[in-house]
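Work through the exercises below with the sequence and the model side by side, and try each task before reading its solution.

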Amino acid sequence: MGAACTTCPSLGPLWLVLRALQVTPVLRTFMLTPFPVKNCFRLLCHHRVPAAGFRTPAAHGLILQSISNDVYQNLAVEDWIHDHIHLEGKPILFLWRNSPCVVIGRHQNPWQECNLHLMRQGGIKLARRRSGGGTVYHDMGNINLTFFTTKTKYDRMENLKIIVRALNAVQPHLDVQPTKKFDLLLDGQFKISGTASKIGRVAAYHHCTLLCSTDRTALSSLLKSPYQGIKSNATPSIPSVVKNLLDKDPALTCEVLMNAIAGEYAAHHQIDNRIKLINPADETQFPGISSKAKELQSWEWLYGWTPKFSVNTTFHVPHEQAHLPIQVSIDVKKGRIETCDIKAPDHWLPLEISNKLNSSFIGSKFCPIEATLLTNILLRTCPDDQHLHSKWNILCEKIRGIM
């Protein structure tokens, strides 16, 4: 899990080391203020305060920054604000960064989008957000920006122009332009930001990334699926050539850019230009948020929400002086195996054992851990034949490799 500060609502000693960043003269200086955010949310929540109570600057909008680097907690903040805040005339900008993780869109297939084996080995978390769009890699060198408005005020291009103005304020010669697909391109060819959104009945949000100093080696390896033979109607990601802003100019750090974007956002919406620190784990500020975070990291949401897909592949197993083909055909619905047909040559593995394996997988999670448990249980029911057990282990290892 990502590191999260638990000192809230007061940040205590942590606040003593926080100070405003001094950047170029054209930028404003901002205070990261650990104020009682709860009071501002009481002003913004439509079910708590009458309209006559909007008298403080917070009533006109907020700029928030998470002190947590946990992707599930930060995504839960998006859900909470979308579900609880009355945004009419009170836009919110939310700034957040995560420990290394891969985030897929609401309608995507994680087996198609990323290298789950590599992620498990490296302890890299998988997250599925509520919005659509493609898969992205997050780490502390990537800024996440969420723009909250009412549905009627939703404007992705306006938000991207705010980011561009902020970048140009720090580095006037920077060539960054928004595209028709609402990405941001550096020098006309390198993608530095991707966009996704959620539009509800009344509220809406647009969120995007901004590559400052992301580990591009990790990004490239983790967002490359090794799985073969998957057929799915899930939304596919479109690969892009990316570049870090820090590679262009060492002054373009995450801290400098977050302050610059906050300044442009505040000027555009004529609101208080202070960045308010929030702790997404604090139930006193966000009642019920822990249940939202828990749901976001559940197997049912991460994998079970995947649109129905099928796997049809062939792998080979050693046999005497040759390799025998094993055909695998699996249908997966809501993350669970709906049909399974593993065909091995009868002389290599008895048909009775193959059929037992096929039937045992029905209804189980399409998951290597569950497959290991199942195959280990089945192995105990097989004849005490060391040669047969060796074949069984080879077959099961191959099956786990496609999950």
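The exercises go from the whole chain to its cores, its pocket and cavity, and two single residues.

The model is predicted, so that local features need pLDDT of at least 70 and side-chain atom pairs count only at pLDDT 80 or more, while totals for chains, interfaces and linings use all residues. Residues are numbered from 1 along each chain as its sequence is written, and side-chain values use heavy atoms, with hydrogens and water left out.

**Exercise 1. Describe the chain as a whole.**

Step 1: Counting DSSP runs (helices being H or I of at least four residues, strands E of at least two, numbered from the N terminus), one finds 14 helices and 17 strands.
Step 2: Of the 403 residues, 53% are buried, where buried means under 20% relative accessible area, exposed over 50%, and partly exposed in between, with a 1.4 Å probe and protein chains only.
Step 3: Taking contact as heavy atoms within 4.5 Å, and considering residues at least 6 apart in sequence, 73% of the contacts join residues at least 24 apart.

**Exercise 2. Locate the nonpolar cores.**

Step 1: A nonpolar core is a set of buried Ala, Val, Leu, Ile, Met, Phe, Trp, Tyr and Cys residues joined through side-chain atoms within 4.5 Å.
Step 2: The largest such core has 77 residues, and Val102, Leu126, Ile342, Phe361, Phe366 and Leu395 have the most contacts inside it; helix α3 gives the most to this core, with seven residues.
Step 3: Another core, of 36 residues, lies apart from it and includes Val164, Leu174, Leu245 and Val256.

**Exercise 3. Characterise the largest pocket and the second largest cavity.**

Step 1: On a 1 Å grid over the protein atoms alone, a cavity is a set of points where a 1.4 Å probe fits but cannot get out, a pocket is an open set with protein on both sides within 12 Å along at least five of seven lines, and lining residues have an atom within 4 Å of a point.
Step 2: Points are joined across faces, edges and corners, and a volume is the space filled by probe spheres set on them; the largest pocket has a volume of about 1000 Å³.
Step 3: Its lining comprises 41 residues, with Thr135, Val136, Lys191, Ile238 and Ser240 nearest the centre, and β12 gives the most, four residues.
Step 4: If Ala, Val, Leu, Ile, Met, Phe, Trp, Tyr, Cys and Pro count as nonpolar, Asp, Glu, Lys and Arg as charged, and the others, Gly among them, as polar, the pocket lining divides into 19 nonpolar, 16 polar and six charged residues.
Step 5: The second largest cavity, with a volume of about 30 Å³, has three nonpolar, no polar and five charged residues in its lining, and helix α3 (residues 71-84) supplies the largest share, three residues.

**Exercise 4. Is Phe147 buried or exposed, and how does Glu158 count?**

Step 1: Phe147, found in strand β7, is buried because its relative accessible area is 1%.
Step 2: Beyond its neighbours within four places in sequence, Phe147 is in contact with residues including Ile92, Asn159, Tyr205 and Tyr265.
Step 3: Glu158, found in helix α6 (residues 156-170), counts as partly exposed because its relative accessibility is 27%.
Step 4: Leaving aside neighbours within four places in sequence, Glu158 is in contact with His268 and His269; the C-alpha atoms of Glu158 and His268 are separated by 9.8 Å, although these residues are 110 apart along the chain.
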